[in-house]
Amino acid sequence: NRVLEFDEERITKFYAWYPDKAPEGYVAGDSTQFEIEFDIPQLDPDLNQQKVIPVTGEYVDYLYPVDQTIIDFMQSKNIRAATLTIVRKGEIVLNHGYGWFEKSQDVPTPPEVMMRIASVSKPITAAAIRHLIREGKLTLDTHVFCENKGDAGCVLYYAPLPETEVDERIYSVTINYLINHTGGWDRDLTFDPLDGDLRISKGLNVELPIEPDHIIQYMLSQPLDHPPGLTFAYSNYGYFLLGEVIEELTGMSYIDYVKETIFEPLGYEDEVFLGGNTMADRLPLESSYDCEWITSSMLSANKEPVCAPYGRRNIENWGAAAGITASSRAIAAFASEYCFHGEKTPDCRDYYHFGILDGVASIVDWRADGTKVVLITNDRCVKKDEDTNACIELFYGEAVYELVDQALKGIRWP
(Lines give C-alpha, C1' and ligand atoms only; values in the text may rest on other atoms or scores of the structure.)
Protein backbone atom coordinates (compact mmCIF):
# COMPACT_ATOMS: atom_id res chain seq x y z
CA ASN A 1 0.00 0.00 0.00
CA ARG A 2 1.09 3.55 -0.72
CA VAL A 3 -0.32 6.64 1.00
CA LEU A 4 -0.47 9.93 -0.93
CA GLU A 5 -1.21 13.18 0.89
CA PHE A 6 -3.00 16.00 -0.95
CA ASP A 7 -4.51 19.32 0.07
CA GLU A 8 -8.25 19.81 0.47
CA GLU A 9 -8.90 21.11 -3.05
CA ARG A 10 -7.22 18.17 -4.79
CA ILE A 11 -8.83 15.66 -2.42
CA THR A 12 -12.28 17.09 -3.18
CA LYS A 13 -11.59 16.69 -6.92
CA PHE A 14 -10.32 13.17 -6.38
CA TYR A 15 -13.37 11.95 -4.51
CA ALA A 16 -15.65 13.59 -7.08
CA TRP A 17 -13.98 11.49 -9.79
CA TYR A 18 -13.47 8.34 -7.70
CA PRO A 19 -16.35 8.18 -5.17
CA ASP A 20 -15.65 4.50 -4.48
CA LYS A 21 -12.37 5.50 -2.79
CA ALA A 22 -13.98 8.07 -0.47
CA PRO A 23 -14.05 7.03 3.24
CA GLU A 24 -17.46 6.40 4.76
CA GLY A 25 -19.07 9.64 5.85
CA TYR A 26 -16.66 11.83 3.88
CA VAL A 27 -17.92 15.41 3.42
CA ALA A 28 -16.03 17.72 1.07
CA GLY A 29 -14.33 20.54 2.94
CA ASP A 30 -14.55 19.04 6.44
CA SER A 31 -10.77 18.94 6.90
CA THR A 32 -7.61 20.55 5.59
CA GLN A 33 -5.69 17.33 4.97
CA PHE A 34 -6.63 13.83 3.90
CA GLU A 35 -4.83 10.68 2.98
CA ILE A 36 -5.63 8.43 0.00
CA GLU A 37 -4.52 4.85 0.24
CA PHE A 38 -3.78 3.03 -3.01
CA ASP A 39 -3.30 -0.69 -3.35
CA ILE A 40 -0.23 -0.90 -5.61
CA PRO A 41 0.93 -4.45 -6.33
CA GLN A 42 4.71 -4.68 -6.52
CA LEU A 43 6.91 -6.64 -8.88
CA ASP A 44 9.15 -9.46 -7.78
CA PRO A 45 10.87 -8.21 -4.57
CA ASP A 46 14.33 -9.13 -5.88
CA LEU A 47 13.75 -6.94 -8.94
CA ASN A 48 12.75 -3.92 -6.87
CA GLN A 49 15.66 -4.41 -4.47
CA GLN A 50 18.18 -4.50 -7.29
CA LYS A 51 16.91 -1.45 -9.18
CA VAL A 52 16.98 2.19 -8.23
CA ILE A 53 13.77 2.71 -10.20
CA PRO A 54 10.68 1.13 -8.59
CA VAL A 55 8.07 -0.62 -10.75
CA THR A 56 4.40 -0.89 -9.78
CA GLY A 57 1.65 -3.07 -11.19
CA GLU A 58 1.02 -6.78 -11.51
CA TYR A 59 4.17 -8.74 -12.26
CA VAL A 60 4.17 -10.58 -15.62
CA ASP A 61 7.09 -12.96 -15.81
CA TYR A 62 7.36 -13.31 -19.60
CA LEU A 63 7.32 -9.51 -19.97
CA TYR A 64 10.20 -8.99 -17.55
CA PRO A 65 12.50 -7.97 -20.49
CA VAL A 66 10.11 -5.12 -21.24
CA ASP A 67 10.42 -3.83 -17.68
CA GLN A 68 14.17 -4.15 -17.85
CA THR A 69 14.39 -2.18 -21.10
CA ILE A 70 12.28 0.68 -19.70
CA ILE A 71 14.25 0.72 -16.45
CA ASP A 72 17.60 0.79 -18.25
CA PHE A 73 16.45 3.62 -20.49
CA MET A 74 15.14 5.69 -17.59
CA GLN A 75 18.34 5.22 -15.66
CA SER A 76 20.55 6.12 -18.61
CA LYS A 77 18.54 9.24 -19.46
CA ASN A 78 17.68 10.30 -15.90
CA ILE A 79 13.92 10.11 -16.47
CA ARG A 80 11.97 10.16 -13.22
CA ALA A 81 8.56 8.69 -14.12
CA ALA A 82 6.91 6.65 -16.86
CA THR A 83 3.88 4.49 -17.47
CA LEU A 84 3.45 1.65 -19.95
CA THR A 85 0.43 -0.38 -21.06
CA ILE A 86 0.45 -3.29 -23.50
CA VAL A 87 -2.72 -4.75 -25.02
CA ARG A 88 -2.73 -8.15 -26.69
CA LYS A 89 -5.81 -9.68 -28.36
CA GLY A 90 -8.02 -7.05 -26.78
CA GLU A 91 -6.77 -7.63 -23.22
CA ILE A 92 -4.39 -5.57 -21.11
CA VAL A 93 -1.42 -7.85 -20.44
CA LEU A 94 0.76 -5.23 -18.75
CA ASN A 95 0.05 -1.94 -17.01
CA HIS A 96 3.03 -0.64 -15.04
CA GLY A 97 4.22 2.55 -13.44
CA TYR A 98 7.95 3.26 -13.33
CA GLY A 99 9.98 5.58 -11.18
CA TRP A 100 8.70 8.22 -8.80
CA PHE A 101 5.39 10.04 -8.68
CA GLU A 102 6.91 13.17 -7.16
CA LYS A 103 10.32 14.79 -7.47
CA SER A 104 10.81 14.07 -3.77
CA GLN A 105 11.01 10.36 -4.74
CA ASP A 106 9.02 9.13 -1.76
CA VAL A 107 6.09 7.56 -3.64
CA PRO A 108 6.44 5.17 -6.61
CA THR A 109 4.53 6.01 -9.77
CA PRO A 110 1.24 4.05 -9.70
CA PRO A 111 0.13 2.16 -12.84
CA GLU A 112 -2.96 4.38 -13.15
CA VAL A 113 -0.89 7.57 -13.16
CA MET A 114 -2.03 10.26 -15.59
CA MET A 115 0.26 12.41 -17.71
CA ARG A 116 -0.03 14.81 -20.61
CA ILE A 117 -0.04 12.81 -23.84
CA ALA A 118 0.86 15.70 -26.18
CA SER A 119 0.16 14.93 -29.86
CA VAL A 120 -1.18 11.47 -29.10
CA SER A 121 -4.32 13.59 -28.58
CA LYS A 122 -4.66 13.88 -32.37
CA PRO A 123 -5.88 10.32 -33.15
CA ILE A 124 -8.49 10.81 -30.41
CA THR A 125 -9.64 14.05 -32.03
CA ALA A 126 -9.88 12.30 -35.41
CA ALA A 127 -12.00 9.56 -33.81
CA ALA A 128 -14.36 12.17 -32.34
CA ILE A 129 -14.74 13.80 -35.78
CA ARG A 130 -15.56 10.42 -37.34
CA HIS A 131 -18.16 9.90 -34.64
CA LEU A 132 -19.81 13.17 -35.75
CA ILE A 133 -19.71 11.88 -39.33
CA ARG A 134 -21.50 8.67 -38.27
CA GLU A 135 -24.09 10.86 -36.54
CA GLY A 136 -24.64 12.70 -39.82
CA LYS A 137 -23.51 16.09 -38.48
CA LEU A 138 -20.81 16.58 -41.12
CA THR A 139 -18.82 14.80 -43.82
CA LEU A 140 -15.16 14.63 -44.71
CA ASP A 141 -15.90 17.15 -47.47
CA THR A 142 -17.56 19.68 -45.16
CA HIS A 143 -15.77 23.03 -45.33
CA VAL A 144 -14.26 24.22 -42.10
CA PHE A 145 -14.89 27.96 -42.56
CA CYS A 146 -18.00 29.73 -43.80
CA GLU A 147 -17.46 32.74 -46.02
CA ASN A 148 -20.79 34.19 -44.95
CA LYS A 149 -22.80 33.68 -41.79
CA GLY A 150 -25.49 31.06 -42.35
CA ASP A 151 -23.82 29.38 -45.34
CA ALA A 152 -24.52 25.66 -45.73
CA GLY A 153 -21.84 22.99 -46.02
CA CYS A 154 -19.46 24.68 -43.57
CA VAL A 155 -19.06 24.99 -39.79
CA LEU A 156 -17.13 27.97 -38.42
CA TYR A 157 -17.91 31.60 -39.20
CA TYR A 158 -15.63 34.42 -38.15
CA ALA A 159 -15.99 37.95 -39.45
CA PRO A 160 -12.67 39.17 -40.91
CA LEU A 161 -10.81 41.73 -38.85
CA PRO A 162 -11.13 45.33 -40.06
CA GLU A 163 -8.70 46.30 -42.82
CA THR A 164 -7.54 42.74 -43.39
CA GLU A 165 -7.73 40.55 -46.46
CA VAL A 166 -8.66 36.89 -46.16
CA ASP A 167 -6.92 34.34 -48.36
CA GLU A 168 -9.97 33.03 -50.24
CA ARG A 169 -8.45 29.55 -50.37
CA ILE A 170 -9.18 29.20 -46.66
CA TYR A 171 -12.84 28.69 -47.51
CA SER A 172 -11.99 25.55 -49.48
CA VAL A 173 -10.26 23.81 -46.55
CA THR A 174 -12.21 20.66 -45.64
CA ILE A 175 -12.44 18.41 -42.60
CA ASN A 176 -10.53 15.75 -44.51
CA TYR A 177 -7.68 18.16 -45.19
CA LEU A 178 -7.37 18.93 -41.50
CA ILE A 179 -7.30 15.24 -40.51
CA ASN A 180 -4.56 14.57 -43.07
CA HIS A 181 -2.47 17.71 -42.39
CA THR A 182 -3.06 19.17 -45.84
CA GLY A 183 -4.99 22.29 -44.85
CA GLY A 184 -2.34 24.60 -46.27
CA TRP A 185 -0.62 25.87 -43.12
CA ASP A 186 3.06 25.04 -42.75
CA ARG A 187 4.82 25.83 -39.47
CA ASP A 188 8.22 25.23 -41.05
CA LEU A 189 7.62 28.04 -43.54
CA THR A 190 5.94 30.55 -41.24
CA PHE A 191 5.10 29.69 -37.62
CA ASP A 192 2.96 27.40 -35.47
CA PRO A 193 -0.14 29.37 -34.41
CA LEU A 194 -0.40 27.40 -31.15
CA ASP A 195 3.11 28.54 -30.30
CA GLY A 196 2.45 32.08 -31.49
CA ASP A 197 1.02 33.60 -28.32
CA LEU A 198 3.26 36.67 -28.30
CA ARG A 199 2.89 37.26 -32.04
CA ILE A 200 -0.91 36.97 -31.88
CA SER A 201 -1.13 39.08 -28.72
CA LYS A 202 0.84 41.86 -30.39
CA GLY A 203 -0.95 41.53 -33.74
CA LEU A 204 -4.41 41.81 -32.17
CA ASN A 205 -3.36 44.21 -29.42
CA VAL A 206 -4.71 41.93 -26.69
CA GLU A 207 -3.05 40.91 -23.46
CA LEU A 208 -1.90 37.42 -22.60
CA PRO A 209 -3.24 34.83 -22.18
CA ILE A 210 -4.76 34.61 -25.64
CA GLU A 211 -8.01 32.75 -26.26
CA PRO A 212 -8.95 30.27 -29.02
CA ASP A 213 -10.95 32.96 -30.83
CA HIS A 214 -7.85 35.16 -30.92
CA ILE A 215 -5.88 32.41 -32.66
CA ILE A 216 -8.52 31.94 -35.35
CA GLN A 217 -9.09 35.65 -35.92
CA TYR A 218 -5.38 36.26 -36.34
CA MET A 219 -4.89 33.30 -38.66
CA LEU A 220 -7.75 34.44 -40.90
CA SER A 221 -5.60 37.48 -41.66
CA GLN A 222 -2.64 35.31 -42.71
CA PRO A 223 -2.18 33.73 -46.15
CA LEU A 224 -1.98 29.97 -46.51
CA ASP A 225 1.47 28.50 -47.16
CA HIS A 226 0.19 25.90 -49.68
CA PRO A 227 -2.93 25.33 -51.76
CA PRO A 228 -5.37 23.30 -49.61
CA GLY A 229 -5.34 19.55 -50.12
CA LEU A 230 -2.03 19.28 -51.99
CA THR A 231 0.87 19.40 -49.54
CA PHE A 232 1.38 17.48 -46.31
CA ALA A 233 2.63 19.73 -43.51
CA TYR A 234 2.14 18.55 -39.93
CA SER A 235 -0.29 20.99 -38.38
CA ASN A 236 -1.19 21.51 -34.73
CA TYR A 237 -3.41 24.35 -35.89
CA GLY A 238 -5.42 22.01 -38.12
CA TYR A 239 -6.26 19.75 -35.17
CA PHE A 240 -6.97 22.75 -32.98
CA LEU A 241 -9.59 23.71 -35.59
CA LEU A 242 -11.08 20.21 -35.48
CA GLY A 243 -11.63 20.75 -31.76
CA GLU A 244 -13.43 24.00 -32.51
CA VAL A 245 -15.59 22.18 -35.07
CA ILE A 246 -16.54 19.59 -32.45
CA GLU A 247 -17.57 22.27 -29.96
CA GLU A 248 -19.54 24.22 -32.57
CA LEU A 249 -21.54 21.20 -33.75
CA THR A 250 -22.20 19.60 -30.36
CA GLY A 251 -22.58 22.54 -28.00
CA MET A 252 -20.27 20.62 -25.66
CA SER A 253 -16.68 21.23 -24.67
CA TYR A 254 -14.17 19.27 -26.70
CA ILE A 255 -13.09 17.12 -23.77
CA ASP A 256 -16.65 16.39 -22.60
CA TYR A 257 -17.57 15.14 -26.07
CA VAL A 258 -14.44 12.98 -26.24
CA LYS A 259 -15.10 11.50 -22.80
CA GLU A 260 -18.76 10.77 -23.56
CA THR A 261 -18.45 9.32 -27.06
CA ILE A 262 -15.00 7.71 -27.03
CA PHE A 263 -13.94 6.84 -23.50
CA GLU A 264 -17.18 6.22 -21.63
CA PRO A 265 -17.99 3.18 -23.81
CA LEU A 266 -14.46 1.93 -23.10
CA GLY A 267 -14.89 2.40 -19.35
CA TYR A 268 -12.13 5.01 -18.98
CA GLU A 269 -13.97 8.33 -18.95
CA ASP A 270 -12.52 9.04 -15.47
CA GLU A 271 -8.95 8.77 -16.72
CA VAL A 272 -9.07 11.33 -19.54
CA PHE A 273 -9.05 15.09 -18.99
CA LEU A 274 -8.06 18.36 -20.61
CA GLY A 275 -4.64 19.20 -19.23
CA GLY A 276 -4.09 22.18 -16.98
CA ASN A 277 -1.43 24.86 -17.26
CA THR A 278 0.00 25.16 -13.76
CA MET A 279 0.91 23.04 -10.76
CA ALA A 280 -2.31 24.28 -9.16
CA ASP A 281 -4.25 22.75 -12.07
CA ARG A 282 -2.61 19.36 -11.62
CA LEU A 283 -4.93 16.36 -11.31
CA PRO A 284 -4.73 14.20 -8.15
CA LEU A 285 -3.23 11.23 -10.01
CA GLU A 286 -1.17 13.30 -12.46
CA SER A 287 2.60 13.07 -12.25
CA SER A 288 4.49 16.31 -11.92
CA TYR A 289 6.76 17.39 -14.79
CA ASP A 290 10.39 18.21 -14.25
CA CYS A 291 11.65 21.70 -14.94
CA GLU A 292 13.53 21.52 -18.26
CA TRP A 293 14.38 25.22 -18.20
CA ILE A 294 13.09 28.60 -17.04
CA THR A 295 11.20 30.67 -19.58
CA SER A 296 8.56 33.41 -19.84
CA SER A 297 4.97 32.57 -19.01
CA MET A 298 2.35 32.82 -21.75
CA LEU A 299 -0.39 32.78 -19.11
CA SER A 300 -0.21 36.41 -17.96
CA ALA A 301 0.61 39.84 -19.31
CA ASN A 302 3.58 40.06 -16.93
CA LYS A 303 5.35 37.12 -18.66
CA GLU A 304 6.92 36.14 -15.34
CA PRO A 305 9.61 33.42 -15.33
CA VAL A 306 8.23 29.88 -15.01
CA CYS A 307 9.37 26.30 -15.41
CA ALA A 308 8.70 25.41 -19.05
CA PRO A 309 6.05 22.70 -18.43
CA TYR A 310 4.00 25.14 -16.39
CA GLY A 311 3.48 28.19 -18.55
CA ARG A 312 5.66 28.22 -21.66
CA ARG A 313 2.61 27.03 -23.58
CA ASN A 314 -1.06 27.59 -22.88
CA ILE A 315 -1.92 23.87 -22.76
CA GLU A 316 -5.65 24.56 -22.53
CA ASN A 317 -5.54 26.12 -26.01
CA TRP A 318 -3.76 23.03 -27.36
CA GLY A 319 -6.77 20.83 -26.47
CA ALA A 320 -7.62 18.81 -29.57
CA ALA A 321 -4.08 19.09 -30.95
CA ALA A 322 -2.03 18.08 -27.92
CA GLY A 323 -3.83 19.02 -24.70
CA ILE A 324 -5.18 15.76 -23.25
CA THR A 325 -3.99 14.31 -19.96
CA ALA A 326 -4.71 10.61 -19.50
CA SER A 327 -3.53 7.27 -18.16
CA SER A 328 -1.61 4.93 -20.45
CA ARG A 329 -4.27 2.26 -19.99
CA ALA A 330 -7.03 4.61 -21.17
CA ILE A 331 -5.06 5.39 -24.33
CA ALA A 332 -4.31 1.68 -24.84
CA ALA A 333 -8.03 0.93 -24.60
CA PHE A 334 -8.60 3.60 -27.25
CA ALA A 335 -5.93 2.08 -29.50
CA SER A 336 -7.65 -1.29 -29.20
CA GLU A 337 -10.79 0.10 -30.82
CA TYR A 338 -9.58 2.96 -33.03
CA CYS A 339 -6.88 3.42 -35.63
CA PHE A 340 -4.33 6.13 -36.40
CA HIS A 341 -6.72 8.49 -38.23
CA GLY A 342 -9.65 7.77 -35.92
CA GLU A 343 -11.21 4.91 -37.88
CA LYS A 344 -13.21 2.62 -35.58
CA THR A 345 -11.58 -0.78 -36.07
CA PRO A 346 -9.76 -3.15 -33.70
CA ASP A 347 -7.58 -4.39 -36.59
CA CYS A 348 -5.15 -1.51 -36.93
CA ARG A 349 -1.50 -2.34 -37.60
CA ASP A 350 1.82 -0.81 -38.58
CA TYR A 351 1.17 2.72 -37.36
CA TYR A 352 2.57 4.75 -34.52
CA HIS A 353 2.03 8.29 -33.33
CA PHE A 354 4.21 10.14 -30.87
CA GLY A 355 3.99 13.40 -29.02
CA ILE A 356 6.32 15.74 -27.17
CA LEU A 357 5.64 18.87 -25.17
CA ASP A 358 7.55 20.55 -22.39
CA GLY A 359 7.93 17.89 -19.71
CA VAL A 360 6.50 14.89 -21.55
CA ALA A 361 7.07 12.37 -24.35
CA SER A 362 4.48 9.80 -25.46
CA ILE A 363 3.80 7.14 -28.08
CA VAL A 364 0.94 4.89 -29.12
CA ASP A 365 2.10 2.01 -31.31
CA TRP A 366 -0.26 -0.17 -33.35
CA ARG A 367 2.16 -3.03 -34.05
CA ALA A 368 2.20 -5.37 -37.03
CA ASP A 369 1.26 -8.39 -34.90
CA GLY A 370 -1.82 -6.63 -33.52
CA THR A 371 -0.26 -5.69 -30.17
CA LYS A 372 -0.96 -2.15 -28.96
CA VAL A 373 1.60 -0.32 -26.83
CA VAL A 374 1.35 3.03 -25.04
CA LEU A 375 4.34 4.59 -23.28
CA ILE A 376 4.37 8.00 -21.58
CA THR A 377 7.31 9.60 -19.76
CA ASN A 378 7.21 12.74 -17.66
CA ASP A 379 10.32 14.15 -19.33
CA ARG A 380 11.20 14.75 -22.97
CA CYS A 381 14.79 15.71 -22.22
CA VAL A 382 17.27 12.84 -22.54
CA LYS A 383 20.51 14.83 -22.22
CA LYS A 384 21.21 17.78 -19.96
CA ASP A 385 24.19 20.08 -19.62
CA GLU A 386 26.24 18.92 -16.64
CA ASP A 387 26.92 22.48 -15.48
CA THR A 388 23.65 24.29 -16.12
CA ASN A 389 21.20 21.33 -16.19
CA ALA A 390 19.72 22.86 -19.35
CA CYS A 391 18.16 20.44 -21.84
CA ILE A 392 20.39 19.86 -24.89
CA GLU A 393 18.80 16.76 -26.44
CA LEU A 394 15.10 15.97 -26.79
CA PHE A 395 13.41 12.56 -26.79
CA TYR A 396 11.86 12.43 -30.26
CA GLY A 397 9.38 9.91 -31.62
CA GLU A 398 11.85 7.75 -33.49
CA ALA A 399 13.74 7.14 -30.25
CA VAL A 400 10.48 6.31 -28.46
CA TYR A 401 9.51 3.87 -31.20
CA GLU A 402 12.92 2.21 -31.16
CA LEU A 403 12.68 1.86 -27.38
CA VAL A 404 9.28 0.15 -27.59
CA ASP A 405 10.44 -2.02 -30.47
CA GLN A 406 13.54 -3.06 -28.54
CA ALA A 407 11.48 -3.83 -25.45
CA LEU A 408 9.18 -6.24 -27.29
CA LYS A 409 11.75 -8.04 -29.42
CA GLY A 410 12.05 -11.69 -28.51
CA ILE A 411 8.90 -11.80 -26.38
CA ARG A 412 7.21 -15.20 -26.63
CA TRP A 413 3.54 -14.54 -26.20
CA PRO A 414 1.47 -17.22 -24.43
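Which residue in β14 does F354 stand opposite? In this predicted model, the residue facing F354 is I363, and the pair offers a convenient place from which to enter the sheet. Strand β14, which covers residues 360-366, runs antiparallel to β13 and is joined to β13 by seven bridges.

Moving outward from this pair, one finds an open sheet of six strands, arranged in the order β3-β5-β4-β15-β14-β13 with antiparallel pairing. Strands of a sheet pair through backbone hydrogen bonds, in either a parallel or an antiparallel manner. Here β3 (55-56) and β13 (351-357) occupy the edges, and because each has a single partner strand, one side of each is left without a neighbour in the sheet.

Two helices lie across parts of this sheet. Helix α3, made of residues 64-77, lies across β3, β4 (81-88), β5 (91-99) and β15 (372-377), and runs at about 25 degrees to β5. Helix α11, made of residues 328-335, lies across β4, β5, β14 and β15, and runs at about 30 degrees to β4.

The nonpolar interior can be followed next. The largest nonpolar core has 82 residues, and those with the most contacts inside it are I124, F145, W185, Y237, L241, F263 and I331. Helix α8 (residues 236-250) supplies the largest share of this core, namely seven residues. Apart from this core lies another, of 24 residues, which includes F73, L94, V404 and I411.

Returning to W185, residues up to four places away in sequence being left aside, its contacts include F145, V173, L178, M219 and L224, as well as D225, A233, S235, Y237 and L241.

Key: Residues numbered from 1 in each chain as written. Predicted model: local features only at pLDDT ≥ 70, side-chain atom pairs only at ≥ 80, totals over all residues. Heavy atoms only, no water. Core = buried A, V, L, I, M, F, W, Y, C linked by side-chain atoms within 4.5 Å. Buried < 20%, exposed > 50% of the residue type's maximum accessible area, 1.4 Å probe, protein only. Helix = DSSP H or I, 4+ residues; strand = E, 2+ residues; numbered from the N terminus. Contact = heavy atoms within 4.5 Å. Pairing = 2+ DSSP bridges. Axes fitted to C-alpha atoms, helices over the stretch in contact; angles between N-to-C directions.
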